[in-house]
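Student: Before I accept any label placed on a model, I like to see the value set against the rule behind it. Could we go through this one in that way?

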Amino acid sequence: MPSFTDQLQRTVVLKEAIPQRIVSLVPSITELLFDLGLDKRIAGITKFCNEPSAACALKPKVGGTKNIGHASLSSLQPDLIIANKEENTPEDIAQLSSIYPVWVSDVNTFDDALAMIDSIGTMTGTQSLSTGITKQIGRAHV
């Protein structure tokens, strides 16, 4: 079983090599997941995830970032949940982590943002796309 370190330095163990049912609790990361071509593997999102609008409109909603509907989330049978230290409550992260693999982002710097993109690409098997995105952002940032 593959394991990854999230941005809170927690170890996250996945049951499968590449997650097939991802729930994103972070609007900006939801957009990244679509950019990485993971549309078919995004099982659920929050009601605040709205980009890309047409794709997000078709995804099941699991409540808000700070008011997660645990029953609706559970019904999606996620094999990876992506959360954020600031967007989601510590209580929700702890409760969900006791049941599911939860990878938590904590972006405070430009380098943290690039590392987050790379980590998600690695976890989801989309490294070539995530590397392309980070290189493009890096060039624009210079």
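The dialogue below takes up the overall fold, the cores, the cysteines and two polar residues.

Tutor: Keep in mind throughout that this is a predicted model, and that its secondary structure comes to six helices and six strands. From the N terminus on, the elements run β-β-β-α-β-α-α-β-α-β-α-α.

Student: How do you know that the radius of gyration agrees with that of a compact globule?

Tutor: The rule multiplies 2.2 Å by the number of residues to the power 0.38, and for 142 residues this gives a value near 14 Å; the protein has 14 Å, and therefore the two agree. Along the principal axes, the C-alpha trace spans about 45 × 35 × 25 Å, and buried residues make up 45% of the 142 residues.

Student: What makes S3, H1 and S4 a β-α-β unit, and of which hand is it?

Tutor: Strand S3, residues 22-24, pairs with S4 in the parallel sense, and two strands count as paired if there are at least two bridges between them; here there are three bridges. Within this pairing, Val-23 stands opposite Gly-44 in S4. With helix H1 included, S3, H1 and S4 make a unit that is right-handed.

Student: Which residues touch the most other members of the largest nonpolar core?

Tutor: That core has 24 residues, and those with the most contacts to other members are Leu-33, Ile-82, Trp-103 and Ile-120. Two or more residues each come from helix H1 (27-35), strand S4 (42-45), helix H2 (53-57), strand S5 (80-84) and helix H5 (110-124). A second, separate core has 14 residues, among them Val-62, Ile-68, Leu-73 and Ala-83. In soluble globular proteins, nonpolar side chains tend to be buried together.

Student: With which residues is Ile-82 in contact, leaving aside its neighbours within four places in sequence?

Tutor: Ile-82 is in contact with Ile-22, Val-23, Ser-24, Leu-25, Val-26, Ile-29 and Leu-33, and also with Trp-103 and Ile-120.

Student: Why is Cys-56 not bonded to the closest cysteine sulfur, the one in Cys-49?

Tutor: A disulfide requires two cysteine sulfur atoms within 2.5 Å, whereas the sulfur of Cys-56 is 6.1 Å from that of Cys-49, and so the distance is too far for a bond. By this rule the count of disulfides comes to zero. As for burial, the cut-off is under 20% relative accessible area; Cys-49 has 2% and therefore counts as buried, and Cys-56, with 2%, is buried as well.

Student: Why is Ser-130 called buried?

Tutor: Buried means under 20% relative accessible area, and Ser-130 has 1%, so the label applies. Ser-130 lies in helix H6, residues 127-141, and, not counting residues up to four places away in sequence, touches Leu-36, Ile-117, Asp-118 and Gly-121.

Student: How do you know whether Asn-84 is buried or exposed?

Tutor: Exposed would need over 50% and buried needs under 20%; at 11% relative accessibility, Asn-84 therefore counts as buried. Asn-84 lies in strand S5, and its contacts, with residues up to four places away in sequence not counted, are Val-26, Ile-93, Val-104, Ser-105 and Asp-106. Tyr-100, by comparison, is 16 residues from Asn-84 in sequence and 15 Å away in space, C-alpha to C-alpha.

Definitions and conventions. Residues are numbered from 1 along each chain as its sequence is written. This is a predicted model: local features need pLDDT of at least 70, side-chain atom pairs count only at pLDDT 80 or more; totals for chains, interfaces and linings use all residues. Side-chain values use heavy atoms; hydrogens and water are left out. A nonpolar core is a set of buried Ala, Val, Leu, Ile, Met, Phe, Trp, Tyr and Cys residues joined through side-chain atoms within 4.5 Å. Buried means under 20% relative accessible area, exposed over 50%, partly exposed in between (1.4 Å probe, protein chains only). Helices (H or I, at least four residues) and strands (E, at least two) are DSSP runs, numbered from the N terminus. Contact means heavy atoms within 4.5 Å. A crossover is right-handed if, with the strands pointing away from the viewer, the path from the first strand over the helix to the second runs clockwise.
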